[in-house]
Amino acid sequence: MSTATLTLVALFLSLFVLIFATVKLKLHPFFALLAAGFSFGIISGMPLADMLKAFQESMGSTIAGIGIVIAIGTVTGFLLEKSGAVETMAQTILKITGEKHASLGLAITGYFVSIPVFCDAAVVLLAPIAKRISKDTKISMTAMAVSLTMGLHATHMFVPPTPGPLAVAGIVGADLGYVIAFGALVSIPVMLVAHFYGDFIGKKYYVQPKHEIEIDENQELPSVFMSFAPIVLPIILMLIKTVADMMTKNSESSNTLVEIIRFMGEPMIALLIGMVIAFISYKNLYKDDKEIHTFDGGFGEALKTAGQIVLIVGAGGAFGGILRASALQDILINFFSGIDIGILAPFIIGAIFRTAIGSGTVAMVTAASMLAPILGVLGISSPMGLVIAMLACASGGSMIFHANDDFFWVATSTLDIDTGLGYKSFSVASVLQAITGLIVVFILKLILL
C-alpha cells in the first residue's frame, strides 16, 4: 500500500474513531480527540516519537494562545449570570423592540448574551423570561424558543471569545479583531433567518408554556451600563487595536499611546478589563459574598468549566498538529491542486462533523486543523482570506443542531419544547443558519478578495 493510500486510510479511520467514540461511546471529546490523533499517527506509520512530539507541541501552542482568554471569558460569563446583568440586558432590549416584536427582542438578546456566556447556561437563565413574555404577549412559545436558542447559537458559532471561533481563528492564524468584526456582521443575518423561521413555525405549532414562571420584581439588578460594559468594552478595545495596527502597519516608529492601545486591545487584557467591570458590578450588589473570588467560590466553579473547554480545544489543536506533521499535507495539496472549491471545503467538513458529532466547537476546530495547511491552495491564505476561512468553518459547523448535542436537550427541556418539535424547529433553523452564513461569507469573499 502506498504512503498516500495508507495516509488517507488512516485519516478516515481516525475520523471514524472520533465520531464513534463521541457519538456511540459518549466518550469525553478530549479523550476522543486523543484517540483519533494517536490512531492516525499509528496507522499512517508515523514514528512514535514524532507523533508524540507533534501532539505535545501543538497542544501546548494552542493552549498557550487561547487558554487564558477562555478562562477569563468563562469567569466573566459566570459573573454576568450571577449578578443578573443578563436579565437587565434582556429587559432593555425588549423595551426597545416592544411586545409586538418580543421574539425579535429575544433573538437580539441571545445574540449579545452568547458572546460571553455559554449557550447552555444562557438558555437556562433566560428561559423564565421567555416563558413570561410568551404568557403576557400570547406569542407562541415555539417562536420564542427558536428566536432565543438560535440567537444564542448565531454568535456562539461566529463571534469570539466563545471557544469555537476563538480556537479556529488561532489555528488558521486570522486576526482576532477582524474575526470579531466580521463574525458579528455575518451572525446578524444568521440570527435573523432563524428568527423569521421561528415566527413561521410558531404560527404552525402554537404552544404556550406549561408552567408560569414568576420573576422577582424586587430583585436588584445591575444598571444597563454595568450590564453591557463587560461585553461591549472588550470588543471596542480589540477593534480599536485592529484599527491602530492597520494605521501604523507601514510605520517603523511607534509612540506610547499606540503601545497602550495595542496592549489594552490584546484579547487577554481586553477581556480581563471586562471581567473586572463584571466583578465590580457583582460586588456592588452582593457585598457580603466573600467567597466569589476564591478557589471554592464562583471563580473556582467557573474555571472548572473553562478547564474542560481548554483541554478539548487543545486536543483539537494537537490532532491537527499530528495531521500536519504527516504526509497528509502534501497529499491534500496535490489533491486540491486545480480544484477550485474555495470556501466550500471548510464548510463541508465543518457541516459533516457538526452533524455527526454534535459539537460545533469540535467541528470547527477539526475543519480548521485539517485545512490550515492547504489554505494557500484554496486561495484563502491572505489576511482577509484567513478570516473568510474561519467564517466558512463556522458556517459549516452550525449544522445540523439535533439530538446528539447536549444544548438541544437543554433548550427543549427548559423551554417546554418536545423532541419532535425540537427537530422541526431547532434543527431546521440550524440548516437555514448554516446556508445563510455560507451565502454571506461567499459575498464577503467576492468583495474582499
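The side chain of Ser58 reaches the backbone oxygen of Ala54 at 2.9 Å, and that small detail is a friendly place to start. Ser58 belongs to helix H3, which covers residues 48–83. Everything here comes from a predicted model. The chain holds 19 helices and 0 strands, and buried residues make up 57% of its 449 residues.

**The chain as a whole**

- The C-alpha atoms fill a box of roughly 70 × 60 × 45 Å along the principal axes.
- A compact globule of 449 residues would have a radius of gyration near 22 Å, and the chain agrees with this because its own value is 22 Å.
- Take the contacts in the chain with a separation of 6 or more: 82% of them involve residues 24 or more positions apart.

**Helix H3: Ser58 and Thr76**

- Ser58 counts as buried because its relative accessibility is 12%, which is under the 20% cut-off.
- Beyond residues up to four places away in sequence, Ser58 touches Gly317, Ala318, Gly321 and Arg324.
- Ser58 and Ile171 are 113 residues apart in sequence, while their C-alpha atoms are 9.9 Å apart in space.
- Thr76 is another residue of helix H3, and Thr76 is buried too, with 4% relative accessibility.
- The contacts of Thr76, again not counting residues up to four places away in sequence, are Pro230, Leu271, Gly274, Met275 and Ala278.

**Helix H2 and what follows**

- Helix H2 runs through residues 29–43, so you can find its 15 residues easily in the sequence.
- From its first C-alpha to its last, H2 reaches 21 Å, close to the 21 Å expected at 1.5 Å a residue.
- Buried residues in H2 are Phe30, Ala32, Leu33, Leu34, Ala36, Gly37, Ser39, Phe40 and Gly41.
- After H2 comes Gly45, which has a positive phi near 85°.

**The largest nonpolar core**

- This core has 144 residues, and Phe40, Leu391 and Leu415 are those with the most contacts inside it.
- Helix H3 supplies the largest share of the core, with 13 residues.
- Phe40 also links this topic to helix H2, where Phe40 is among the buried residues.
- Leu415 is in contact with Val123, Ala127, Ala130, Lys131, Met141, Ala145, Leu148 and Thr149, leaving aside its neighbours within four places in sequence.
- As background, nonpolar side chains tend to be buried together in soluble globular proteins.

**Val113 in helix H5**

- Val113 sits in helix H5, which spans residues 102–113.
- With a relative accessible area of 1%, Val113 is buried.
- Val113 touches Val86, Met89, Ala122, Leu126 and Leu152 when residues up to four places away in sequence are not counted.
- Phe228 is 115 residues from Val113 along the chain, yet the two C-alpha atoms are separated by 9.3 Å.

**Salt bridges**

- A search of the whole structure finds 2 salt bridges.
- One of them joins Glu266 and Lys241, whose closest N and O atoms are 3.8 Å apart.
- Glu266 lies in the loop between helix H11 (256–265) and helix H12 (267–285), and Lys241 lies in helix H10 (residues 224–247), so this pair ties together parts that are 25 residues apart in sequence.
- Glu266 is partly exposed at 37% relative accessible area, whereas Lys241 counts as buried at 15%.
- A salt bridge also forms between Glu259 and Arg262, with the closest N and O atoms 3.4 Å apart.
- Glu259 and Arg262 are separated by about one helical turn because they are 3 residues apart in helix H11.
- Glu259 counts as partly exposed at 41% relative accessibility, and Arg262 counts as partly exposed at 23%.

How values were computed. Residues numbered from 1 in each chain as written. Predicted model: local features only at pLDDT ≥ 70, side-chain atom pairs only at ≥ 80, totals over all residues. Heavy atoms only, no water. Helix = DSSP H or I, 4+ residues; strand = E, 2+ residues; numbered from the N terminus. Buried < 20%, exposed > 50% of the residue type's maximum accessible area, 1.4 Å probe, protein only. Contact = heavy atoms within 4.5 Å. Polar contact = N/O pair within 3.5 Å; in protein donor to acceptor, adjacent residues only side chain to side chain. Expected span 1.5 Å × (residues − 1). Core = buried A, V, L, I, M, F, W, Y, C linked by side-chain atoms within 4.5 Å. Salt bridge = Lys/Arg side-chain N within 4 Å of Asp/Glu carboxyl O. Rg over C-alpha atoms; globule rule 2.2 N^0.38 Å.
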